[in-house]
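These are my notes from a pass through the structure, kept in the order in which I looked things up.

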Amino acid sequence: MWRRNLKSLTSVWPSVRQSCVARPPKASQEAVCQLVLVARSQRYGIQKRFKSTVAAVASNPSDLRSTWGSPSFDIDKMATLLDHDNHDMRKEFRQFVSDPVMIPKYNISLFEERDIALKRLKRICDAGFISVLDFKNNPLRIFAAHELAAIIDPAMTTKMTVQFNLFGGTVLKLGTERHHSKLLKGIDTLDDMGCFGLTELGYGNNAVEMETSAIYDKNTKEFIINSPTTLAQKYWITNGAMHAKHCVVFAQLIVDGENHGIHGILVPIRDDNLKVMPGVRVEDMGYKMGLNGVDNAKLFFDNVRVPRENLLNRYSDVSADGTFTTSIKSNRARFLTVADQLLSGRICIASMSQGGAKAALTIAIRYAATRLTVGPKGKSDTAILKYQLQQRSILPLLANTYAINFGLDYVKDRWAFQKTDGSEHAEVVTLCCVIKPMASWNLEEIVSVARERCGGQGYLSCNRFGTFIGLAHAAMTAEGDNSVLMQKVAKERLAVLKPSTLEAPNPKDIDNPAYLHHLLQRRELSLFACLGKNLQKAGKQGVFETWMYQESDLIQAASKAFGERLLSEQFAAAIENADVSLKPVLSQLYHLFLLDTIEKNLAWMLIHGGLSLPAGDKVNALAAQLCDQISPQALALCDAFDITDTMLSAPIALNWVDFNAYDNQGEVPQKSNVDP
C-alpha cells in the first residue's frame, strides 16, 4: 500500500523519491510527506506540519511546474527565433537587469518612484546598452532594449523612449553638426536629458494646427517661442516635470509675418542645476492611473528667446537676415518630416507592449500550472491550467503573442532597412501605424484576462498585472491613438489596394491553415472593397461625412483585417524558415491563432466570407482541442521568452507559497524569492 502511495507522490514530486524509498514498508504516505516537508521547512527556519499529500504537493510551485514534463522542442532554438536580432546584446542585457536593484517597489512616494526610474535608466545607459547613434549603426538594438526594459519597469522605459527616440532621435535626424556636437554625447549619458514638445492641450491628433509660435526676430537673430493661449500649452510632456534640461518644441515658424508651418526648435527649459529657465512655466501633472515613475508635465512659454541656431535645420533654415530656405516645399510635407520620429516611436511602443505581453503571459501561465484546486474526486489536486476555462482564456493569447512577435520583427526590418530613395516609405508608414495598435491591444487583453484568471493573487500590485495594464493603456494612446492610427491605415491601404480574385486552397476545411489564411485575405479585400464603394458613392463632397460620421466601424474592421492578415503571413513565413524541431508546436500555435481570429469574426465569415455553417460550427471545438494539445507545452513556450525570475519579480510566477509564509506587506524582497 505504501509503495503505491509513494508512486503516486513521486509522479508529482520526482525529486523526493530518492529520499523516500528507504522508509520502512509500514510507513504511511502521510509520514513520507511529513519527512520531506519538515526537511524543507527546517531549511527555511520554519517549522510546519502538513496533514495531507495535497498540502505537500502544493508547497513548492517549482516542483509542480516540473511535473508538466519535458518540452517537445528546443527552448534555446525557440528563444533565438523569437529574439530575432542582437542575440549577444539581449543575453547580456537580461543578465544585467537581473540585479536585485531592478526588483519593483510599491509602497513608495511619487518622488521616489520617479527617482528610481531615472536611476535604473542611468544604470542601463552607463552600461552602454542603448545609444542614440544606434539609429544609424544598429536600429534594431534600440527596439530590443525597449522590449526587455519594459519587462523590468515600463515607466523607466517610457523615459527611455522619449530620451533616445523622440528627443534624441529628432536631434540626430533633424539637427546638424551644430546640434550633434553639443548634445549627442550628453543624450547617451543622460547629462542632457530632453523631452519632446509636440502635443498641445487643444491639439493632439490634429497637431498641424497647433498654436505655439516661433517668430524670428531679425534684430536679435533669435526665435521668440510663445504659448498664446491655454490650449497652446505643451501637454503630457514626458521627462518635463523633473529631469529634462532641453525640449524640442514644435511650433509654427513665422518669418516676416509668413507662416512656414511646423518646425522643431531646441529650447532650454532648465539650467545645469535643473532650475527652470526664465519665461518657462512647468506644471507637474502628478499621479496617473499607471507609470507614475514618468514625470509628465505641462509646459508654457512666455516669449522665450532662443538663438537662431537652435532651429533643427537639416531640411529648413533661416539665415541671419531672415531668409527662409527649405528642401521640402509644402507645409504639410514639412510637418510629416519633422514628426517622422513618431514612426520609430510606434515600433518602440509595440516592442514595449510585446515585452509586457510576454511577461504577463509567463506570470499567468506559471501560476496556472501550480495553483491546485478541485479535481475529479473533490480534492485540491488539479492545476487550473488543466481546466478548459483557463486554457481557452489564456492560450489563444499566447498564440496571438507569437503571431505579433513575427509581425513586429517584419515591421522592424522593413523600417530599419528600407530603401534610401524613399520608394518604400509609404508602405513602412502603414506598417508602423498598424503594428502599434495590434501589439498594445493584445497587451491590454492579456493583462485584463490574466488578472481575472489569476483571481485575487492577480489583484496584488506585486504580481504586476496592474503595472502592465498601465503600460497597455499608455501604449494605446501614446504616439497616436490606436483607433485614429487605424483610420490612417485604412486611408493608406485604400490608395494602393487593387481588386483581385482569390483562389481558395484545398482542402476547404478549417483543419487546413492555408484555407483559414485565405479567409483572412478574403475578409480584408472584401471590407476594403466595400469601404471604397461607399466613399465613391459619397463623392468628393461627401467623403468627410462618410468617413467620420458613417463608416467608422467599417474603417476599423478593414484596418484590423489588414493587420490580422499581415500577422498570419509573417507567422507562416517564420514557420517555413524555422528549425525543423520547432515546426510542430509553431504550427499548432499558428492554427490556434487563425481559429481564434476566425472565431472573433465568425458572424462575418458565415454571412460574407464563404465559411459554411457546418464548418463554422466546428471552429470552437477545434480551437478548444488545440488549446488542450498546446497546454502541456505552455510553460516551455513561455520559457522561450527567456525572462529571468528577477525580471519577472512576481511572486505567483515564482514560489508564491514561501512568499506568503511571512508578513510581506505586498512587497517583493530585494533578495528575490526565486525557487531554491
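I began with helix 17 and listed its buried residues, which are Phe465, Phe468, Gly470, Leu471, Ala472, Ala475 and Met476. The model is a predicted one, and I read every entry below with that in mind. When I asked what covers the buried residues of helix 17, I found that the cover includes helix 10 (139-152), helix 11 (154-174), helix 14, helix 16 and helix 18. I then checked the geometry of helix 17, residues 465-477: its 13 residues reach 19 Å from the first C-alpha to the last, close to the 18 Å expected at 1.5 Å a residue. Just after helix 17, I noted that glutamate 479 takes a positive phi of about 55°.

I turned next to helix 16, which is among the elements covering helix 17. Helix 16 runs over residues 425-453, and its 29 residues reach 42 Å between the first and last C-alpha, close to the 42 Å expected at 1.5 Å a residue. Here too I looked at what comes just after the helix, and found glycine 455 with a positive phi of about 60°.

**Helices 18 and 20**

From helix 18 I picked glutamine 487, and I asked whether glutamine 487 counts as buried or exposed. Its relative accessibility is 19%, and with the cut-off for buried set at under 20%, glutamine 487 counts as buried. Leaving aside neighbours within four places in sequence, I found glutamine 487 in contact with Trp547, Met548, Ile555 and Gln556.

I followed that list to isoleucine 555, which lies in helix 20, residues 552-577, and is buried with a relative accessible area of 0%. Its contacts, again without the neighbours within four places in sequence, are Met486, Gln487, Ala490, Leu531 and Trp547. For the pair isoleucine 555 and alanine 490 I also noted the distances: the two are 65 residues apart in sequence and 6.1 Å apart in space, C-alpha to C-alpha.

**Unusual backbone values**

I looked up the loop between helix 18 (482-496) and helix 19 (513-550), where proline 507 lies. A cis peptide bond joins asparagine 506 and proline 507, with omega about -5°.

A second loop, between helix 6 (75-83) and helix 7 (87-96), holds histidine 84, and asparagine 86 has its place there as well. Histidine 84 is not a glycine and yet has a positive phi of about 75°, while asparagine 86, also a residue other than glycine, has a positive phi near 50°. In accessibility I recorded histidine 84 as partly exposed, at 26% relative accessible area, whereas asparagine 86, at 19%, counts as buried.

**Cores**

Which residues of the largest nonpolar core touch the most other members? They are Met78, Tyr402, Phe571 and Leu611, in a core of 164 residues. The largest share of this core, 16 residues, comes from helix 14, residues 341-370. I took tyrosine 402 for a closer look and, apart from neighbours within four places in sequence, found it in contact with Met78, Leu82, Phe571, Leu586, Leu589, Leu637, Ala640 and Phe641. A second, separate core has 26 residues, including Met242, Ala297, Phe301 and Val318.

**A three-stranded sheet**

I then traced an open sheet of three strands in the order 4-8-7, with antiparallel pairing. Strand 4 (234-238) and strand 7 (280-284) stand at the edges with a single partner strand each, so one side of each is left without a neighbour in the sheet. The twist averages 35° from one strand to the next. Between strand 4 and strand 8, residues 296-301, I noted three bridges in the antiparallel sense, and as one pairing I recorded that lysine 234 has leucine 299 in strand 8 as its bridge partner.

**Overall picture**

I closed with values for the protein, which has 26 helices and 13 strands. The radius of gyration is 28 Å, close to the 26 Å that the globule rule gives for 676 residues, so the protein is as compact as a globular protein of that length. Along the principal axes, the C-alpha atoms fill a box of roughly 100 × 65 × 40 Å. Of the 676 residues, 56% count as buried. Among contacts with a separation of 6 or more, I noted that 74% are accounted for by residues 24 or more positions apart.

Note on methods: Residues numbered from 1 in each chain as written. Predicted model: local features only at pLDDT ≥ 70, side-chain atom pairs only at ≥ 80, totals over all residues. Heavy atoms only, no water. Pairing = 2+ DSSP bridges. Helix = DSSP H or I, 4+ residues; strand = E, 2+ residues; numbered from the N terminus. Axes fitted to C-alpha atoms, helices over the stretch in contact; angles between N-to-C directions. Expected span 1.5 Å × (residues − 1). Core = buried A, V, L, I, M, F, W, Y, C linked by side-chain atoms within 4.5 Å. Buried < 20%, exposed > 50% of the residue type's maximum accessible area, 1.4 Å probe, protein only. Contact = heavy atoms within 4.5 Å. Rg over C-alpha atoms; globule rule 2.2 N^0.38 Å.
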